[in-house]
Amino acid sequence: AGAAAQARGLVVDREIGDLYIATEKQKGILRTEAEPNEKDNTFGLVENDDDPKIRGKLHGITIYYGGDDTNQGYLIVSSEGDSSFFVYERSGDNDFVGRFAITRDDDIDDASRTVGVSVVNVNLGPEFPCGLFVAQDAFDEAQQVQLESDTLQNIKSNFKLVAWEEVASAFYKDLDINTKKWGPRRFAL
């Protein structure tokens with residue numbers, strides 16, 4: 001039979017009302033209605049983890065709210081296994097858009113074995129005028145090692161901050177940039 005799916009990341013689309021779950025072991029990315037009182041609590045499959053593009057565990061999951069319509073923007077999921085990030089359309093059947101990685105740049109190392117991500121589309125000043133993508137980096141350089149269960153482990157980690165326009169322009173067709181559509185202070189619960 002195999003192991004049961006394990007939830008590794010959750011995000012709720014506050015405009016559409018969907019709950020997304022990044023899982024490992026036999027599932028992938030699941031979607032269902034976030035409203036607990038709905039009669040239909042079935043899960044749809046956005047991406048199956050036996051798809052060849054998924055190489056390892058899915059973990060962090062976040063939403064970039066963009067465009068002028070309610071359902072424009074992106075669902076972004078971290079793949080711990082190959083240290084990349086999958087981008088899906090926020091609307092419809094969550095079509096796959098592409099993938100990207102945070103690579104070494106001058107004195108900053110790459111992001112590796114990421115388990116947590118977040119994105120915001122608001123102007124955060126001169127360094128991040130179009131928003132910010134944040135990824136946890138499990139193995140920062142220079143390493144700080146510690147013995148755990150007879151194995152040396154790098155216990156030094158950090159966060160990588162990437163301007164959203166750098167992520168958006170990394171694709172064949174640029175991703176949307178919209179700093180006026182949504183923001184943490186613009187949404188009423």
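Author: A salt bridge is taken here as a side-chain nitrogen of Lys or Arg within 4 Å of a carboxyl oxygen of Asp or Glu. The model is a predicted one, in which local features need pLDDT of at least 70 and side-chain atom pairs count only at pLDDT 80 or more, while totals for chains, interfaces and linings use all residues. Residues are numbered from 1 along each chain as its sequence is written, and side-chain values use heavy atoms, with hydrogens and water left out.

Reader: In the protein chain, where is confidence lowest, and where is it highest?

Author: The pLDDT, the predictor's confidence in each residue from 0 to 100, has a mean of 76 over the protein chain, with 65% of the residues reaching 70 or more. Taking helices (H or I, at least four residues) and strands (E, at least two) as DSSP runs numbered from the N terminus, one finds the lowest mean, 59, in strand 12 (residues 151–154), and the highest, 90, in helix 1.

Reader: How many helices and strands are there in the protein chain?

Author: Read along the sequence, the protein chain has the pattern β-β-β-β-β-β-β-β-β-β-β-β-β-α. Counted by type, the elements are 1 helix and 13 strands.

Reader: Which parts of the chain are linked by the salt bridge between D13 and R90?

Author: The side chains of D13 and R90 meet at 2.6 Å, N to O. The two residues are 77 apart in sequence, and they join the loop between strand 1 (6–12) and strand 2 (18–24), which holds D13, to the loop that holds R90, between strand 7 and strand 8 (96–100).

Reader: How many salt bridges does a search of the whole structure find?

Author: The side chain of E15 also meets that of R90 in a salt bridge, at 2.8 Å, N to O. E15 and R90 are 75 residues apart, E15 in the loop between strand 1 and strand 2 and R90 in the loop between strand 7 and strand 8. D13, E15 and R90 are thus linked in a network, and the search of the whole structure gives a count of 2.

Reader: Why does E15 count as partly exposed?

Author: Buried means under 20% relative accessible area, exposed over 50%, and partly exposed in between (1.4 Å probe, protein chains only). D13 counts as buried because its relative accessibility is 0%, and R90 counts as buried because its value is 2%. E15 counts as partly exposed because its relative accessibility is 25%.

Reader: Which element gives the largest share of the largest nonpolar core?

Author: A nonpolar core is a set of buried Ala, Val, Leu, Ile, Met, Phe, Trp, Tyr and Cys residues joined through side-chain atoms within 4.5 Å; the largest one has 17 residues, of which I76, F85, F100, F133, W164, V167 and L175 touch the most other members. Two or more residues each come from strand 6 (73–79), strand 7 (84–89), strand 9 (117–120), strand 10 (132–137) and helix 1 (164–168). The largest share, 3 residues, is that of helix 1.

Reader: With which residues is W164 in contact, leaving aside its neighbours within four places in sequence?

Author: Contact means heavy atoms within 4.5 Å. With those neighbours set aside, W164 is in contact with Y64, Y74, I76, V119, C130, G131, L132, F133, L175, D176 and I177.

Reader: What kind of aromatic pair do F85 and F133 form?

Author: Rings of Phe, Tyr and Trp (its six-membered ring) pair if their centres lie within 6.5 Å, and planes under 30 degrees apart count as stacked, over 60 as edge-to-face and the rest as tilted; the count comes to 9 aromatic pairs. F85 and F133 lie 5.2 Å apart, centre to centre, with 80 degrees between the planes, in an edge-to-face pair. The pair joins strand 7, which holds F85, to strand 10, which holds F133, across 48 residues. Both F85 and F133 are buried, and the kind of pair they form is edge-to-face.

Reader: Is F159 buried or exposed?

Author: F159 is found in strand 13 (residues 158–163), where, neighbours within four places aside, it is in contact with V134, A135, Q136 and D137. Because its relative accessibility is 58%, F159 counts as exposed.

Reader: What is the phi of N94?

Author: N94 lies in the loop between strand 7 and strand 8, and it is buried, with a relative accessible area of 2%. Its phi is positive in a residue other than glycine, with a value near 55 degrees.
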